[in-house]
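Biologist: I should like to learn how the features of a protein model are read. May we go through one together?

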Amino acid sequence: DLPGTNLNYAEVFDRQERVILWRDQLPVPVARGAIIIFSADEAYWVDTVEPPDGQTVTANVTRATAAEVLGLTLPGTC
């Protein structure tokens, strides 16, 4: 509700998925389109990266599909 009016506006906040990492876990500044892989069935495409907050960096991400992860190098297999 807006004070002093009879207008009733609804607000919707769509919470985007986020990944929070330690600053020392990131190689160089992470660019949009980078992929963060945790396992064969969990990976995320980076959309935007927020400025570092102390020792952590928060990346707004979109979950990758299994087909997109297929054939990529998984953590611990290098």
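**Reading the model**

Modeller: Tyr44 counts as buried, because its relative accessibility is 8%, and buried means under 20%. Please keep in view that this is a predicted model.

Biologist: Which aromatic pair does Tyr44 form, and with what geometry?

Modeller: One aromatic pair is found in a search of the whole structure. Phe38 and Tyr44 form this pair, with ring centres 6.0 Å apart and 75° between the planes, which is an edge-to-face arrangement. Phe38 counts as partly exposed, because its relative accessibility is 40%.

Biologist: How many helices and strands does the protein chain have, and in what pattern do they follow along the sequence?

Modeller: The secondary structure comprises one helix and four strands. Along the sequence the pattern reads β-β-β-β-α.

Biologist: How should I read the sheet, and what is the order of its strands?

Modeller: In general, strands of a sheet pair through backbone hydrogen bonds, and the pairing is either parallel or antiparallel. Here, four strands form an open sheet in the order β1-β4-β3-β2, with antiparallel pairing. β1 and β2 are the edge strands, each pairing on one side only. Neighbouring strands of this sheet are turned against each other by 40° on average, direction ignored.

Biologist: How many bridges join β2 to β3, and how many residues does their hairpin pass through?

Modeller: β2 and β3 run antiparallel and are joined by four bridges. The hairpin leads from β2 to β3 through two residues. Within this pairing, Ser39 stands opposite Glu42 in β3.

Biologist: How many bridges join β3 to β4, and which residue has a positive phi in their hairpin?

Modeller: Five bridges join β3 to β4, and these strands also run antiparallel. Thr48 has Asn60 in β4 as its bridge partner, while Trp45 stands opposite Thr62 in β4. The hairpin of β3 and β4 has six residues between the strands, and Gly54 there takes a positive phi near 70°.

Biologist: Let us turn to charged side chains. Which residues meet in a salt bridge?

Modeller: The general idea is that side chains of opposite charge can pair when their charged atoms come close. A search of the whole structure finds one salt bridge. In this salt bridge the side chains of Arg32 and Asp47 meet, at 2.8 Å from N to O. The pair links distant parts of the chain, 15 residues apart: Arg32 belongs to the loop between β1 (18-22) and β2 (35-39), and Asp47 to strand β3 (residues 42-49).

Biologist: Is Arg32 buried or exposed?

Modeller: Arg32 counts as exposed, because its relative accessibility is 66% and the cut-off for exposed is over 50%.

Biologist: Where does Val57 lie, and why does Val57 count as buried or exposed?

Modeller: Val57 lies in strand β4 (residues 56-63). Val57 counts as buried, because its relative accessibility is 8%. Leaving aside neighbours within four places in sequence, Val57 is in contact with several residues, among them Val19, Leu21, Leu26 and Val49. Ile20 is 37 residues from Val57 in sequence, yet the two are 5.7 Å apart in space, C-alpha to C-alpha.

Biologist: What share of the residues of the protein chain counts as buried, and what area does the chain expose?

Modeller: Of the 78 residues, 19% count as buried. The chain exposes about 6300 Å², of which carbon and sulfur atoms supply 55%. Among contacts with a separation of 6 or more, 45% are between residues 24 or more positions apart.

Note on methods
Residues are numbered from 1 along each chain as its sequence is written. This is a predicted model: local features need pLDDT of at least 70, side-chain atom pairs count only at pLDDT 80 or more; totals for chains, interfaces and linings use all residues. Side-chain values use heavy atoms; hydrogens and water are left out. A salt bridge is a side-chain nitrogen of Lys or Arg within 4 Å of a carboxyl oxygen of Asp or Glu. Buried means under 20% relative accessible area, exposed over 50%, partly exposed in between (1.4 Å probe, protein chains only). Contact means heavy atoms within 4.5 Å. Accessible areas come from the Shrake-Rupley method with a 1.4 Å probe; for residues, only the protein chains shown count as cover. Two strands pair if DSSP finds at least two bridges between them. Axes are lines fitted to C-alpha atoms, for helices over the stretch in contact, and angles run from 0 to 180 degrees between N-to-C directions. Rings of Phe, Tyr and Trp (its six-membered ring) pair if their centres lie within 6.5 Å; planes under 30 degrees apart count as stacked, over 60 as edge-to-face and the rest as tilted.
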